[in-house]
Each structure stands twice: as C-alpha cells, then as structure tokens.
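Here is a short set of exercises to work through with the model open beside you. Try each task before you read its solution.

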Amino acid sequence: MIYENYTILTPGPVKMSDRTLTLGAKQVPYFRNQPFSDVVLGCESLLLEMVNSPSGSRAVFLTASGTAGMESVVMNLLDSDDNALVINGGTFGQRFVHICNQYDIPSKEINPNKGNLSDIDQCVDGSKYSACLVNAHETSIGLLYDLEAIGKFCHKHNMLNIVDAISMFTTDKLDMTTQFIDVVIMSSQKGLALPPGLTVIILSPNAIEKLNNIRGLYFNFKQYLKDGERGQTPYTPAVSIIIQLYDRLTQIKEDGGIEQTIKNAFDCSFYFRDKIKHLPLSLNTDFPSNGLTALTMNSNHGAKKLLSFLEEKYKIIACPNGGELSDILFRVSHMGFVNKTDMEKLIEALEDFFNSESE
Ligand SMILES: *Cc1c(COP(=O)(O)O)cnc(C)c1O
C-alpha cells in the first residue's frame with residue numbers, strides 16, 4: 001500500500017494500532033447471532049461509560065461516514081417547529097447549516113469569530129432557540145469550543161444540545177452529564193483510530209423522548225434503538241469495524257481509560273507546540289484541541305510546498321486546508337497512534353524545510 005511506512009498525521013483516517021490492523025485482515029463473520037450481538041452490546045456499554053452518559057442513554061450504530069451521523073440527527077430530532085442555533089466557525093459548522101436548510105429546519109447561524117464561546121450566554125439570546133448544533137472541535141481550523149459553557153447555556157434555556165464530537169472523542173474531555181449534552185455524534189476514522197465507515201450516535205433519555213417518526217427507512221433511529229436492545233442493527237452493519245471498535249475500546253480501558261488516552265493526546269500536542277516555537281509558524285487559534293494543531297505560515301504562503309517537502313523527503317503526511325487557506329494553513333493531527341517520536345521526526349523535517357528555504 002502507498003502509505004506503508006509513512007508517518008500519518010492527517011485528521012482522519014489516522015494511524016491505526018497493530019491490533020486493529022490484524023483484526024481488519026480477518027474473515028468477516030456472520031452477524032445475526034449471539035456472539036455478534038454481545039460485541040455490539042459491549043461497544044454500547046463501553047461507549048456510554050466513556051462519555052459519562054446519563055442513565056438510560058442509548059447508542060445507534062450507523063454504517064456511514066460522519067456526515068450521515070450529522071444529517072440523521074437533524075432528521076430524527078428536529079422539525080419545522082424547532083429553531084436551531086448553529087455554531088458555524090468553519091467547514092463543519094457550515095455543513096450543519098447546509099443540512100438544516102435541506103430539511104427546512106428554522107435555524108440561525110452564529111460565527112464565533114475564532115472565539116471558543118465561553119461567553120455564549122452573554123452573546124446569544126438563548127430563549128429564542130430549541131436546539132443547539134455544534135462541532136465540538138471545528139476540525140477545519142483546529143478550534144475546540146467550550147463545551148462546559150455551551151452545555152450550561154443549553155441547560156438554562158432548555159435547548160437540545162447536539163454535539164458533533166467526531167474529531168475530539170478520545171483526545172479531549174467529553175462528558176454528557178456535566179456538560180449537559182443530549183446527543184453525541186462520533187465516527188470511526190478520527191480519534192477512535194479505526195477504518196472509515198461507522199458512525200455512532202449517543203442519545204440521552206431526553207433526546208430519545210424527542211425522536212421524530214421520520215419517513216425515511218435507513219436512518220430511522222427508532223428502529224435502530226429497537227433492534228439494538230438485542231444487540232442488532234436493522235441492516236447489515238460494518239461488521240469488521242464494530243469488531244475493531246470493541247477491541248479498541250477494550251484497549252483504551254486496559255491502557256488506563258479514556259482519561260489516559262486524552263492525556264496522551266494532550267502530551268503529544270503540548271510537546272509539539274512547545275518545540276516549534278522557534279520556527280516561522282503560528283498557532284491558528286488560541287483554543288487548540290489536543291487532537292490537532294493548525295498552523296499558519298508566518299510568510300503567508302508556502303504551505304503547499306511545505307507539505308510536498310514533508311511527504312517526498314520524509315514520508316510524513318500532514319494535512320492541507322482547502323480553499324483560500326490552502327497555501328497559508330496546514331494541520332497536524334495528534335489523533336490515533338502517534339507519539340512524541342513521530343512529533344520529533346516532524347519537528348526535524350520542519351527545521352530542515354525552513355533551513356533550506358532561508359538558504
Ligand atoms: C471528519 C468530521 C466529520 C465527518 O466527516 P465524514 O467525511 O463524513 O466522515 C464531521 N464533523 C467533524 C467535526 C469532522 O472532523
């Protein structure tokens with residue numbers, strides 16, 4: 001494969017563990033039986049525990065990419081009687097705006113202008129809204145919102161708090177109970193470090209009570225919850241990814257729990273940011289997540305050249321940005337199985353790049 005022996009620092013797919021890779025090479029088993037049901041039920045209970053969900057919460061396992069998780073949550077939980085507040089601070093916030101428009105959900109977007117919304121209760125009149133949609137980590141710019149403040153705000157104004165945690169589950173703190181979260185969306189190919197194809201939606205009892213009777217078939221959460229009671233899904237799931245998920249969650253527990261996994265990401269990102277202070281690069285945000293470092297070129301150009309240099313000379317794959325920022329901004333992921341050694345390798349390569357540029 002092309003990326004064998006590469007250092008993979010993209011925010012999805014991320015570097016997977018040898019355990020995950022080994023499982024992925026096995027024959028996919030039949031799944032309408034008790035052994036597979038036990039795996040699904042095991043995944044659900046481990047996930048509910050790791051996000052500290054309120055008792056009575058449930059998980060929906062959808063075979064689809066993360067965007068389907070976002071879209072299906074809007075389909076199942078919002079309707080024309082709602083008024084949704086959408087936090088739009090980048091590409092993924094824009095996607096929620098787009099989805100609400102597609103389904104004619106009354107909504108208003110706010111642009112936090114690179115702030116983390118710790119002051120949301122002062123800036124927004126919460127009494128006007130029935131739900132809040134936020135991408136906890138706006139992956140396009142590496143910004144982590146203040147989930148505590150947003151949760152309190154939603155709780156105070158009785159809003160349904162819908163959190164896309166796709167790029168921060170396992171790297172930053174996520175707690176449905178203390179952060180007053182009703183819905184969590186996660187996806188296999190980010191911090192969970194699995195292949196793409198599985199998205200999981202966790203619903204609090206409050207969200208379960210609000211589920212719509214939707215017209216669609218594949219994305220009908222009520223059916224997933226019903227079949228999920230016995231550890232099954234209505235349609236063929238991504239069987240192998242669910243098996244890998246169970247193993248990964250077990251591994252997280254063995255390695256000291258979700259807190260330890262978050263700490264590893266913190267250590268890795270802190271180390272990296274500390275060691276590149278002498279380079280002509282700036283952090284793109286004052287509120288970086290532990291899962292990603294987004295960097296701006298101080299010279300305002302050259303990001304594309306830098307990324308090609310890293311790939312060609314060092315076999316390091318960092319992540320470009322799209323659109324206007326493509327030559328200014330680039331991103332380094334700390335999700336999955338990357339460690340300080342990978343960061344050291346990257347730092348050395350960055351030093352080499354800027355030395356060769358100044359010659
Ligand atoms: C990656 C990501 C998604 C999902 O993208 P897909 O390509 O559909 O898997 C959604 N939200 C955020 C914040 C993400 O980082």
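**Exercise 1. Decide whether Cys268 is buried or exposed, and find what it touches beyond its sequence neighbours.**

Solution. Start with the relative accessible area of Cys268 in this predicted model, which is 3%. Buried means under 20%, so Cys268 counts as buried. Next, place the residue: Cys268 belongs to helix H10, which covers residues 257–275. Now leave aside the neighbours within four places in sequence; the contacts of Cys268 are then His334, Val338, Asn339 and Met343. Finally, take one of these partners, Val338. Val338 and Cys268 are 70 residues apart along the chain, and their C-alpha atoms are 8.0 Å apart.

**Exercise 2. Describe the surroundings of the ligand, beginning with the residues and ending with the elements that supply them.**

Solution. Count the shell to begin with: 13 residues surround the ligand, and the closest are Ser65, Thr67, Thr139, Asp164 and Lys190. Sort the shell by class, and you get 3 nonpolar, 7 polar and 3 charged residues.

Then look at the individual polar pairs:

- The side chain of Thr67 has an N or O atom 2.5 Å from an oxygen atom of the ligand.
- For Asp164, an N or O atom of the side chain is 2.6 Å from a nitrogen atom of the ligand.
- In Lys190, a polar side-chain atom lies 2.7 Å from an oxygen atom of the ligand.

Follow this with the area: the ligand taken alone exposes 390 Å², of which the protein buries 87%. As a last step, ask which elements give two or more residues to the shell; they are helix H3 (66–77) and helix H4 (91–102). H3 supplies the largest share, 3 residues.

**Exercise 3. Locate the backbone features at Pro13, Asn113 and Leu117, and say how exposed Asn113 and Leu117 are.**

Solution. Keep the usual backbone in mind: most residues other than glycine have a negative phi, and most peptide bonds are trans. Against that background, check the bond that joins Gly12 and Pro13: this peptide bond is cis, with omega about -15°. Pro13 sits in the loop between strand E1 (7–8) and helix H1 (18–24).

Now turn to phi. Asn113 is not a glycine, yet its phi is positive, about 50°. Leu117, also not a glycine, has a positive phi of about 65°. Asn113 lies in the loop between strand E4 (107–110) and helix H5 (120–123), and Leu117 is likewise found between E4 and H5. Their exposure comes next: Asn113 has 63% relative accessibility and so counts as exposed, whereas Leu117, at 7%, counts as buried.

**Exercise 4. Work out how compact the protein is for its 359 residues.**

Solution. List the elements before anything else: the protein has 12 helices and 15 strands. Then compare two numbers: the radius of gyration is 20 Å, close to the 21 Å from the globule rule for 359 residues, so the protein is as compact as a globular protein of that length. For the overall dimensions, the C-alpha trace spans about 65 × 50 × 35 Å along its principal axes.

Two further values fill in the picture. Buried residues make up 57% of the 359. Of the contacts between residues at least 6 apart in sequence, 72% join residues at least 24 apart. To finish with the surface, the protein exposes about 15700 Å², and carbon and sulfur atoms supply 50% of that.

Methods:
Residues are numbered from 1 along each chain as its sequence is written. This is a predicted model: local features need pLDDT of at least 70, side-chain atom pairs count only at pLDDT 80 or more; totals for chains, interfaces and linings use all residues. Side-chain values use heavy atoms; hydrogens and water are left out. Helices (H or I, at least four residues) and strands (E, at least two) are DSSP runs, numbered from the N terminus. Buried means under 20% relative accessible area, exposed over 50%, partly exposed in between (1.4 Å probe, protein chains only). A residue is near a molecule or strand if one of its heavy atoms lies within 4 Å of it. A polar contact is a pair of N or O atoms within 3.5 Å; within protein, one must be able to donate a hydrogen and the other to accept it, and residues adjacent in sequence count only if both atoms are side-chain atoms. Accessible areas come from the Shrake-Rupley method with a 1.4 Å probe; for residues, only the protein chains shown count as cover. Ala, Val, Leu, Ile, Met, Phe, Trp, Tyr, Cys and Pro count as nonpolar, Asp, Glu, Lys and Arg as charged, and the others, Gly among them, as polar. The radius of gyration is taken over C-alpha atoms; the globule rule is 2.2 Å times the number of residues to the power 0.38. Contact means heavy atoms within 4.5 Å.
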